[in-house]
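Colleague: Got the model open? I'd like to go through a helix, a sheet and the cysteines.

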Amino acid sequence: MLKKVLSEIDLYIDTVHVIKIDRAKIKNDILNSFAFSKRLSKNKKDYSYQDFEVPFSKPLERLRDYIRDHFVGDYERTLILKKDWGNIYNPYESSVTRHQVDLVDLRNSPDYTCIYVLDVAKDSCELVIEYNDNRRKNKTLHIALKDNQFIIFPSTQRYFISQNKSKQMNVFLTMAYEYM
């Protein structure tokens, strides 16, 4: 019997474990952008209003290189960074549900979204990815988030980060990629 896969939703979950990333530096850069309101969008109605600039740093570049090299080594696909940003969720805050594609310009939209967990309180939140399995719509996958973990998934998937149940801020880095 011949099997052809016509469509699949690929999801990659791992931790940075071969090298040490200075997560504190990247986190502090995002907190600085938050403190000085260095937002990607000034429009309060835009999804990216809660996204903050992440300035270049050696730890950030090292992380980007690690994820790119890890992906090409394991899956033989080259990831090209299109953009990145940081998010901070205070206690009892959650993100909006979103995806990373421009529906009127799919050609220039990213292929993959990567959520990297910089600093979260234990058991405080989840990444929730919405999907359908071609029979049932509105299914969700819940992934408990922990420090130094990254999750890569198609940018067409709607997702959100659940309510922060801790008393500390949770900090994330999101990267949008195209692949070759």
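Modeller: First a term: helices (H or I, at least four residues) and strands (E, at least two) are DSSP runs, numbered from the N terminus. The expected span of a helix is 1.5 Å times one less than its number of residues. Residues are numbered from 1 along each chain as its sequence is written, and side-chain values use heavy atoms, with hydrogens and water left out. This is a predicted model: local features need pLDDT of at least 70, side-chain atom pairs count only at pLDDT 80 or more, and totals for chains, interfaces and linings use all residues.

Colleague: How many residues has α2?

Modeller: Helix α2 covers residues 58–75, which is 18 residues. From first C-alpha to last it reaches 25 Å, close to the 26 Å expected.

Colleague: Which residues of α2 are buried?

Modeller: P59, L60, L63, R64, Y66, I67, H70 and F71. Buried means under 20% relative accessible area, exposed over 50%, and partly exposed in between (1.4 Å probe, protein chains only).

Colleague: Why do they line one face?

Modeller: Seen down the axis of α2, the buried residues fall within an arc of 160°, so they line one face of the helix. The arc is that of the directions from the helix axis to the C-beta atoms. In general, an α-helix has 3.6 residues a turn, so residues three or four places apart point the same way.

Colleague: And what covers them?

Modeller: The cover includes α1 (23–35) and the strands β1 (12–15), β2 (79–89), β3 (112–119), β6 (149–154) and β8 (170–179). Contact here means heavy atoms within 4.5 Å. On the face turned away from the buried side, α2 carries the exposed residues K58 and G73.

Colleague: What follows α2?

Modeller: E76, with a positive phi near 55°.

Colleague: Now the sheet. In what order do the three strands of the open sheet come?

Modeller: The order is β5-β4-β7, with antiparallel pairing. β5 (139–144) and β7 (159–161) are the edge strands, each pairing on one side only. Two strands pair if DSSP finds at least two bridges between them. Strand β4 (residues 126–131) is joined to β7 by three bridges, and L127 stands opposite I161 in β7.

Colleague: Last topic. How many disulfides does the count come to?

Modeller: Zero. A disulfide is a pair of cysteine sulfur atoms within 2.5 Å. The sulfur of C114 is 15 Å from the closest cysteine sulfur, in C125, too far for a bond.

Colleague: Are those two buried or exposed?

Modeller: C114 is buried, at a relative accessible area of 0%. C125 is buried as well, at 5%.
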